[in-house]
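The exercises below ask you to work through a structure one step at a time, with a solution after each task. Please keep the sequence and the coordinates open while you read.

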Amino acid sequence: MKAQEMLVLGIESSCDDTAAAVLRAGERPEVLSSVVAGQDEDHAPFGGVVPEIAARAHADRLDAVIDRAMAEAGVAYDELSLLAATAGPGLIGGVMSGLTVAKGLSLSLGIPLQPVNHLAGHALSVALEEPVDFPFLLLLVSGGHTQLVLVEDEATFQRLGTTIDDAAGEAFDKTAKLMGLGAGGPAVERAARTGDAARFAMPRPLIGRKGCDFSFSGLKTAVRQAAEEAAPLSEGDRADLAASFQAAAVDHLARRTAAAMTAVGGRTNRLVASGGVAANTLLRECLGALAAEEGWRLVVPHLRYCTDNAAMIAWAGACAFRGGGEAEPLAFSPRARWPLDARTAGIGGGKKGPKA
Ligand code: KG4
Ligand code: ZN
């Protein structure tokens, strides 16, 4: 049966990006507009995302961002067939801002609302660019999440591994901050270009340990100790430390991905890498080499769909709505935690929160 075509407005506000997008959802998604307003300047003085500031910034910007997405798409509000909004996991104030606006629009326009799991958005985002057959293995690596997920279909996700402490992007961000480098992962990557990755010994997390979980807190500590011992850091020291950290972090991500590829044993040979850290050149090279070695296909969506955006929320919303939707979307409460995979929820230790 041909999928019914829908015009979907997606809304995303779970972290520090306020985003809205309009999507024509047929058999395949067609992005008509995708607007993302970051909040870097709001949080910069505090050296990290401040939840209260994020919530207020979302509330301040949502109307304008949504209007812009509608105008850029050339779609009128009464033409919309579905509203899709992130309902978790994430910073609760921000999620609440976006979901509340979506509920208001749903009520005033008389259009159905689909609450969306932000992680499902990431998991299905590759479809915005090119179709990848189910099932596929997803490595989701961002500032908030580090997970390996078997995406079985649009509604079935099996989490194979998650971080037991920090997310990969967080480790890049903290390393950058510690060394007084600029903006997070990209700054570490830039500094590492001229560095010697063998100069500083870095631990290889969870080595010899079975499974596909991740850990980045030991690496973070090692970077801090190395920086203290070598202080004051010259530019060369910074480059070497950035390179040593990056090599260890990427090696860890690649090893756990290799373990997951073995774990799914023949069920798929498609690997999708998404999330902000997937922008890292060394990681892309390592995953590319791993995929080639194993005869897998690697797909890394364009950065605009790897990082937080509302087009992926609109698409995941359309898929969930077609799959039956939510009985009482207006009563749906925002969730700080919302594991993708109910079966593995609660497994493992460490901080779970928005990372789960
Ligand atoms: O997906 P994203 O935009 O936001 C969420 O966390 O949801 O990911 C941002 C993360 C940040 O931690 C940033 O430092 C990291 O992705 N990142 C990178 C690179 N570009 C962004 N990490 C390593 N290398 C990069 N080139
Ligand atoms: Zn995200």
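**Exercise 1. Locate the two cis peptide bonds given here and say where their prolines lie.**

Solution. Begin with proline 232, which lies in the loop between helix 7 (217-230) and helix 8 (235-263); helices (H or I, at least four residues) and strands (E, at least two) are DSSP runs numbered from the N terminus. The peptide bond that joins alanine 231 to proline 232 is cis, with omega at about -5°. Next take proline 89, whose place is in the loop between strand 4 (82-88) and helix 3 (92-109). Here too the bond is cis, joining glycine 88 and proline 89 with an omega of about -15°.

Before going on, note that this is a predicted model, in which local features need pLDDT of at least 70 and side-chain atom pairs count only at pLDDT 80 or more, while totals for chains, interfaces and linings use all residues. Residues are numbered from 1 along each chain as its sequence is written, chains are lettered from A and ligands numbered from 1 in the order in which they are written, and side-chain values use heavy atoms, with hydrogens and water left out.

**Exercise 2. Describe the surroundings of ligand 1, from its polar contacts to the make-up of its shell.**

Solution. First list the neighbours: there are 17 residues around ligand 1, and Gly143, Asp173, Gly185, Glu189 and Asp308 come nearest, where a residue is near a molecule if one of its heavy atoms lies within 4 Å of it.

Then turn to the polar contacts, a term for a pair of N or O atoms within 3.5 Å; within protein, one must be able to donate a hydrogen and the other to accept it, and residues adjacent in sequence count only if both atoms are side-chain atoms. An oxygen atom of the ligand is 2.5 Å from an N or O atom in the side chain of aspartate 173. A nitrogen atom of ligand 1 is 2.6 Å from an N or O atom in the side chain of glutamate 189, and for the side chain of asparagine 280 the distance from a ligand nitrogen to an N or O atom is 3.0 Å. Taken alone, ligand 1 exposes 550 Å², of which the protein buries 86%; these accessible areas come from the Shrake-Rupley method with a 1.4 Å probe, and for residues only the protein chains shown count as cover.

Finally, assign the shell to elements and classes. Helix 5 (168-178) and helix 6 (184-192) are the elements that give two or more residues to the shell, and the largest share, 4 residues, comes from helix 6. By class the shell has 4 nonpolar, 10 polar and 3 charged residues, with Ala, Val, Leu, Ile, Met, Phe, Trp, Tyr, Cys and Pro counted as nonpolar, Asp, Glu, Lys and Arg as charged, and the others, Gly among them, as polar.

**Exercise 3. In the loop between helix 6 and helix 7, decide whether leucine 206 and arginine 193 are buried or exposed.**

Solution. Start from the cut-offs: buried means under 20% relative accessible area, exposed over 50%, and partly exposed in between (1.4 Å probe, protein chains only). Leucine 206 lies in this loop and, at 12% relative accessibility, counts as buried; its phi is near 55°, a positive value in a residue other than glycine. Arginine 193 has its place in the loop between helix 6 and helix 7 as well, but with a relative accessible area of 62% arginine 193 is exposed. The C-alpha atoms of arginine 193 and aspartate 240 are 9.0 Å apart in space, although 47 residues separate the two in sequence.

**Exercise 4. Characterise threonine 163 and threonine 146 by element and by burial.**

Solution. Threonine 163 is found in the loop between strand 8 (156-162) and helix 5, where a relative accessible area of 1% makes threonine 163 buried. A polar atom of the threonine 163 side chain lies 2.4 Å from the backbone oxygen of aspartate 166. Threonine 146, by contrast, lies in strand 7 (residues 146-153), and threonine 146 is buried with a relative accessible area of 0%.

**Exercise 5. Place arginine 24 and aspartate 67, and give their accessibility.**

Solution. Arginine 24 is found in strand 2 (residues 17-25) and is partly exposed, at a relative accessible area of 30%. Aspartate 67 has its place in helix 2 (residues 51-73) and is partly exposed, with a value of 43%.
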